[in-house]
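Hi,

Here is the structure I promised to pass on. Have a look at it first, and then read on for what I found in it.

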Amino acid sequence: MATLLPVSFKMAVPKEKDFMPLLASCRILVVGAGGIGCELLKNLVLTGFEDIEVIDLDTIDVSNLNRQFLFQKCHVGRSKAEVAKESALRFNPKAKIVAHHDSVLKPKYGVPFFKEFTMVMNALDNQAARNHVNRLCLASDVPLVESGTAGYLGQVTVIKKGLTECYECQPKAAQKTYPGCTIRNTPSEPIHCIVWAKHLFNQLFGEADPDEDVSPDSADPELVGQAGKSALDSSEAQSKASTTQDNESASNGNVLRVSTRAWASSHDYCPKKLFTKLFSEDILYLLSMEKLWENRRRPTPLTWEEAGTIDEEKEAENDKGGIADQRLWSVKECQEIFSSAVHIIRKRLTGEVTELVWDKDDESSMDFVCACANLRAHIFGIQRKTRFDVKSMAGNIIPAIATTNAVIAGLIVLEGLKVLAGEFGAARTTYLNRRPNPRRRLLVPCALDPPRPQCLVCAPRPRLALKLPVALTSVGALKDKVLRGALAMAAPDVEVVDGKGTILISSEEGETQENNGKMLKEFNIVDGTQLNCDDFLQNYNILVDIIDCDQLKDGAEFEVIGDPEQLKKEQEEQAKEQDKKEEEQTSSSSTSAATAAASLLPPTVVEDDDDLVCLDDVIVKKRKVEEGEEREEEPPLKKARSGGKTEEEEEIMVLE
């Protein structure tokens with residue numbers, strides 16, 4: 001096992017007799033009491049840390065017990081933070097532990113709260129909370145030890161204001177989204193069907209979102225003319241089609257809109273009628289959109305009667321035995337489970353409970369999504385998935401490994417000791433790999449990078465460019481989707497830099513609520529307008545340059561560019577490239593002229609320095625090694641400049 005520990009973990013620390021008082025007197029904040037958090041809290045009290053506060057919003061679920069060993073079956077339903085405190089005190093009764101069953105995003109856990117601690121250790125499972133803690137640690141100038149795991153992979157790094165990169169220095173990959181027309185009309189992958197099924201659950205039983213409509217989309221940009229007019233053969237069938245949620249009726253040129261939930265409720269959530277509409281009538285409507293199927297496989301409508309017989313014997317024979325969740329359901333089973341799940345979920349809607357929230361750990365909710373996704377996949381000729389696979393994809397999860405959590409928690413404490421000793425030069429970003437590297441090491445340390453000058457968070461004066469259509473973007477969308485969503489602000493305030501001090505958004509409740517439905521153009525916001533965006537909870541301020549743009553890539557609502565100066569350079573380079581192309585087209589066809597035109601193009605430079613894939617949201621981070629330090633072998637998590645991906649990179653996702 002000694003060969004697995006890199007030499008660079010050595011550090012200069014005070015002698016034990018001098019170091020122990022430091023451990024007892026320093027104050028540690030642990031954010032998260034899940035897989036990593038449980039192991040971390042146990043390690044801290046056994047190491048000698050005695051003044052600890054832990055905060056976690058979650059309660060204990062049965063599914064946590066296989067890897068979060070501070071919890072037992074008798075604790076199910078209780079606060080994770082409270083139980084973790086009780087269990088950790090059994091290892092070291094002298095420790096003083098304060099537990100907060102709360103969200104770290106709340107205003108009371110602001111900069112003054114963070115300044116009370118010597119160090120913060122993250123054991124989180126979501127990017128929003130990571131961003132928030134990162135900003136609060138920067139604002140309070142408190143060192144942060146960040147961590148993450150994904151299956152057998154893991155990493156730990158140290159963040160110190162002014163010395164190292166912060167968590168947001170490197171751009172994070174946005175959560176994968178799919179065009180609405182693909183989800184509603186032309187699914188081609190299992191994930192498209194799973195997303196559709198989750199949207200359907202919300203439309204039928206939860207809080208309906210117009211952007212998550214599941215009905216056929218006759219406004220699909222691929223379509224030409226009036227689509228769906230010949231969807232059904234009889235007038236009776238056309239009457240049924242008019243019940244499609246948000247569907248278009250040609251009667252008198254009007255549009256009839258009936259919500260999914262209202263239609264289902266009017267039929268008392270009859271499983272057979274729901275099945276017929278979703279998997280037969282709506283598919284017939286899609287088939288009438290001839291242009292969609294010119295280059296695609298046409299879907300096959302599925303009736304209630306047909307579902308009970310299609311390939312039943314063949315499928316049952318292929319999937320006998322094994323774990324129930326890893327057995328592929330037949331079409332008939334999907335039909336039966338769909339019917340049963342609808343009945344069970346329907347009973348939960350009472351006078352007091354009018355909206356349900358989909359939960360991957362709720363058996364009936366998970367059955368509903370799995371059955372619906374597989375039925376739709378069968379109709380479109382897409383590979384069906386087991387319940388286990390659907391749960392993983394629908395919940396965006398990778399199964400957690402207890403040993404990975406234990407290793408990462410140990411590394412957090414090691415890096416914490418370096419920070420406590422003031423040895424920031426010895427601190428490292430350490431990667432836990434799936435298999436040993438050529439030097440037989442699973443743990444690969446990398447030197448910490450300095451702050452990135454263009455970072456939108458820790459730069460001296462953060463600034464970005466924001467592309468969006470000002471005439472179509474509301475103030476509410478700017479606040480919720482851009483500031484709170486893309487920029488992870490908690491309580492944004494926005495002032496238009498117009499010399500008048502126009503307040504566009506206020507964090508004070510109700511102060512600017514009437515602005516939410518108005519378009520940005522109504523406030524004279526045009527191309528080139530600047531917005532001063534501030535978040536007092538995070539002590540965070542950024543200047544936003546608005547770029548008015550009607551057409552964005554892949555139908556996106558907005559695009560965050562980053563550094564405006566970099567945007568300007570990119571635009572100039574694009575203009576030069578366009579000029580060169582035009583010059584090539586108009587130049588002589590002779591060989592010499594063609595050669596001359598080609599010489600104008602900038603050469604392609606291929607860098608041969610390897611990259612490391614950072615587990616937190618699959619970002620690429622260059623490895624730097626200090627001068628004079630023994631160079632470690634690169635870990636197997638590498639991403640070629642050509643865009644190729646390794647097996648390991650494809651599976652990277654931070655869970656907890």
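Let's start with the open sheet: 6 strands in the order β11-β10-β12-β13-β9-β14, with mixed pairing. The edges are taken by β11 (502–505) and β14 (559–562), and each of these has a single partner strand, so one side of each is left without a neighbour in the sheet. On average, neighbouring strands here are turned by 30° against each other, if you ignore direction. Please keep in mind while you look around that this is a predicted model.

You can see the mixed pairing if you go through the strands in pairs. Strand β10 (residues 492–496) and strand β12 (residues 530–535) run antiparallel and are joined by 5 bridges. One residue to click on there is V496, whose bridge partner in β12 is L531. On the other hand, β9 and strand β13 (residues 540–548) run parallel, with 6 bridges between them. β9 also pairs with β14, this time in the antiparallel sense and over 3 bridges.

A nice residue for finding your way in this part of the sheet is K467. It stands opposite I547 in β13, and its bridge partner in β14 is E559.

Which helix lies across β9, β10, β11, β12 and β14? That is α17 (residues 475–486), which runs at about 70° to β11.

Now for some helix pairs. In general, two packed helices are described by the angle between their axes and the distance between the axes. Take helix α7 (residues 190–205) and helix α14 (residues 363–379): they pack at an angle of about 130°, and their axes are 8 Å apart. The two are therefore oblique to each other, and their crossing is right-handed. On the α7 side, the residues that meet α14 include W196, L200, F201 and F205, while the α14 side includes F368, V369, C372 and R376.

The other pair is helix α10 (residues 271–287) with helix α13 (residues 331–348). Their axes come within 9 Å and cross at roughly 125°, which makes α10 oblique to α13. α10 passes α13 in a right-handed crossing. Here P271, L274 and F275 in α10 meet Q335, F338, S339, V342 and H343 in α13.

I also picked out one single residue, K96, which sits in strand β3 (residues 96–101). Is K96 buried or exposed? Its relative accessibility is 51%, so K96 counts as exposed, given that the cut-off is over 50%. If you leave aside the neighbours within four places in sequence, K96 is in contact with E50, D51 and I52. Then there is R27, which is 69 residues apart from K96 along the chain, with 9.9 Å separating the two C-alpha atoms.

Finally, a few totals for the chain. It has 20 helices and 16 strands. Of its 656 residues, 48% count as buried. The accessible surface comes to about 32600 Å², and carbon and sulfur atoms hold 49% of that. Among the contacts with a separation of 6 or more, 69% are between residues 24 or more positions apart.

If you want somewhere to begin, go to K467 in the sheet, with I547 opposite in β13, and work outwards from there.

Cheers

How values were computed:
Residues numbered from 1 in each chain as written. Predicted model: local features only at pLDDT ≥ 70, side-chain atom pairs only at ≥ 80, totals over all residues. Heavy atoms only, no water. Pairing = 2+ DSSP bridges. Helix = DSSP H or I, 4+ residues; strand = E, 2+ residues; numbered from the N terminus. Axes fitted to C-alpha atoms, helices over the stretch in contact; angles between N-to-C directions. Contact = heavy atoms within 4.5 Å. Buried < 20%, exposed > 50% of the residue type's maximum accessible area, 1.4 Å probe, protein only. Areas by Shrake-Rupley, 256 points an atom, 1.4 Å probe, with all protein chains shown as cover. Parallel < 35°, antiparallel > 145°, perpendicular 65-115°, else oblique. Left-handed = near helix turned anticlockwise from the far one by under 90°.
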